[in-house]
Amino acid sequence: MTAGLRRALTITDVLMLAYWGITALAALGVLSLPPDALYKGYHEPLLVAWNWSFMPLDLAFALTGLAAVRLARAKDPRWRGLAIISLTLTMCAGGMAIAFWTLAGDFDPAWWVPNLLLLFWPLAFLPRLLAA
């Protein structure tokens with residue numbers, strides 16, 4: 001695993017786990033988030049359900065990505081398969097969010113930029129991993 005891929009997976013996956021940790025604490029009422037940090041319609045039940053519907057996908061890509069990093073450090077060749085799965089799921093999560101915000105007609109850069117990054121950064125690594 002290249003240093004760039006290791007760094008990208010670690011940063012993305014740790015940030016995603018932090019996002020869900022903060023989201024869970026806010027849902028439990030332990031944490032209060034500033035309204036300007038929330039997406040449009042944050043308190044609407046349908047959008048709350050939409051957001052939580054991403055949790056399994058986001059956790060899957062984060063945990064497979066971190067597992068890939070760990071296996072690569074242990075020189076275990078199974079890291080490559082987990083990295084491919086993680087990168088593919090990362091792109092799916094970003095693409096689904098962008099599709100939703102496009103259909104909803106909501107173009108808030110605070111949500112678009114991170115999701116465009118999720119959609120596109122894996123392309124810097126996937127072709128080489130698939131070719132190997």
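Which backbone nitrogen does a side-chain oxygen of Asp108 reach at the start of α5?

## The model and the start of α5

This is a predicted model, in which local features need pLDDT of at least 70 and side-chain atom pairs count only at pLDDT 80 or more, while totals for chains, interfaces and linings use all residues. Residues are numbered from 1 along each chain as its sequence is written, and side-chain values use heavy atoms, with hydrogens and water left out.

At the start of α5, a side-chain oxygen of Asp108 comes to within 2.9 Å of the backbone nitrogen of Ala110. Helices here are DSSP runs (H or I, at least four residues), numbered from the N terminus.

## The two sides of α5

The buried residues of α5 (under 20% relative accessible area, with a 1.4 Å probe and protein chains only) are Trp111, Trp112, Asn115, Leu118 and Leu119. Seen down the axis of α5, these buried residues fall within an arc of 130° (taken from the directions from the helix axis to the C-beta atoms), so they line one face of the helix. On the other side of α5, Pro109, Ala110 and Leu117 are exposed (over 50%).

The buried residues of α5 pack against α1 (3–27), α3 (55–73) and α4 (79–104), where contact means heavy atoms within 4.5 Å.

## The nonpolar core

The largest nonpolar core (buried Ala, Val, Leu, Ile, Met, Phe, Trp, Tyr and Cys residues joined through side-chain atoms within 4.5 Å) has 34 residues. The largest share of this core, eight residues, comes from α4.

Leu5 is among the residues with the most contacts inside the core, and, not counting residues up to four places away in sequence, Leu5 touches Trp79, Leu87, Trp121, Phe125 and Leu129.

Definitions and conventions:
Polar contact = N/O pair within 3.5 Å; in protein donor to acceptor, adjacent residues only side chain to side chain.
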